[in-house]
Amino acid sequence: MKRKGTLFVVCGPSGVGKGTVCKELLKVKPEIGLSISATTRERRKGETEGVSYYFIDRNEFEDMIESDELLEYAEVYGNLYGTPKKYVLEQLNKGYDIILEIDTQGAMQIKEKYPKGVFVFLLPPSMEELRNRIVTRGRDSKDNIEKRLKCANEEIDFISEYDYYIINDDLTGAVNSLVSIIEAERCKVKNDICKLIKMYKEEI
Ligand code: 5GP
């Protein structure tokens, strides 16, 4: 039986740099598929439809929920975000690894439905540094900054649900850690027992 791909779920508080780490990862590991989420939030400057997200309205999003097209979805800071099921399942069935960059609520839904996934939590070097990053990015009001930090605090309560953590204190180091995790998962004996027995037992 052909080995299925591995589903990697990268999670972590807003502002920790999940998007940047995943983008850099794809330069090193272009064979990994990045799932493009659907969202009801407004498109930001520099974002491209179908590349950054599928930007849809609430009615369309609700239709997707209704017709069971989403693997998971969550409301994050007033907007809906979800992972379209079709692409992810097709790729995994073809044996390709997939990465999802989503929030904790979504990660916990995936864990319920797909416990074989590999769950990675990206952490800031400190909460103070997370605050600096959110402030420097300049996208949020004072109120929103406090909301994001409070959420980050709550998200960290779920850390025991994850398989790996990475402290994102420098981009190259964080990407290298993620590459190491992916490579370690690809060398897990339990994922390849049939293949290994077939390859080596026949030759003895
Ligand atoms: P942003 O609006 O800054 O791009 O993303 C806000 C948050 O939504 C981030 O924490 C991001 O990881 C999360 N997010 C993006 N796509 C999805 C998704 O498909 N599902 C869930 N649950 N969260 C998502």
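In the predicted model, helix H1 makes the greatest contribution to the lining of the largest pocket, giving six residues to it. The space in this largest pocket amounts to about 1,500 Å³, and of the 47 residues that line it, Lys18, Gly19, Arg41, Tyr53 and Glu101 are the closest to its centre. Besides helix H1, which spans residues 18–28, the elements that give two or more residues to this lining are the strands S5 (70–76), S6 (79–84) and S7 (98–101), together with the helices H4 (104–113), H5 (127–137) and H6 (142–156). When the residues of the lining of the largest pocket are divided by class, 18 are charged, 15 are nonpolar and 14 are polar.

The second largest pocket holds about 680 Å³ of space. Its lining consists of 24 residues, and those that lie nearest the centre of the pocket are Arg3, Lys4, Lys116, Lys190 and Asn191. Two elements, strand S8 (118–123) and helix H8 (193–201), give two or more residues to the lining of this second largest pocket, and the greatest contribution comes from H8, with four residues. By class, the lining of the second largest pocket comprises 11 charged, nine nonpolar and four polar residues.

The chain as a whole can be described next. The protein chain contains eight helices and nine strands. Its radius of gyration is 18 Å, which is close to the 17 Å given by the globule rule for 204 residues, and the chain is therefore as compact as a globular protein of that length. Taken along the principal axes, the box filled by the C-alpha atoms of the protein chain is roughly 70 × 40 × 30 Å. Of the 204 residues in the protein chain, 41% are buried. The accessible surface of the chain comes to about 12,000 Å², and carbon and sulfur atoms account for 52% of that surface. Among the contacts in the protein chain with a separation of 6 or more, 66% are made by residues that stand 24 or more positions apart.

Several individual residues were also examined. Gln91 is placed in helix H3, which covers residues 85–94. The relative accessible area of Gln91 is 15%, and because the cut-off for a buried residue is under 20%, Gln91 counts as buried. When residues up to four places away in sequence are left out of the count, Gln91 touches Tyr96 and Ile98.

Two further residues, neither of them a glycine, have a positive phi. Asp68, for which phi is about 55°, lies in the loop between helix H2 (58–66) and strand S5. Tyr77, for which phi is about 45°, lies in the loop between S5 and S6, and these two strands are among the elements that give two or more residues to the lining of the largest pocket. The relative accessibility of Tyr77 is 32%, and since partly exposed residues fall between the limits of 20% and 50%, Tyr77 counts as partly exposed.

Note on methods. Residues numbered from 1 in each chain as written. Predicted model: local features only at pLDDT ≥ 70, side-chain atom pairs only at ≥ 80, totals over all residues. Heavy atoms only, no water. 1 Å grid on protein atoms, 1.4 Å probe; cavity = no way out; pocket = protein on both sides within 12 Å on 5 of 7 lines; lining within 4 Å. Points joined across faces, edges and corners; volume = space filled by probe spheres on them. Nonpolar A, V, L, I, M, F, W, Y, C, P; charged D, E, K, R; others polar. Rg over C-alpha atoms; globule rule 2.2 N^0.38 Å. Buried < 20%, exposed > 50% of the residue type's maximum accessible area, 1.4 Å probe, protein only. Contact = heavy atoms within 4.5 Å. Areas by Shrake-Rupley, 256 points an atom, 1.4 Å probe, with all protein chains shown as cover.
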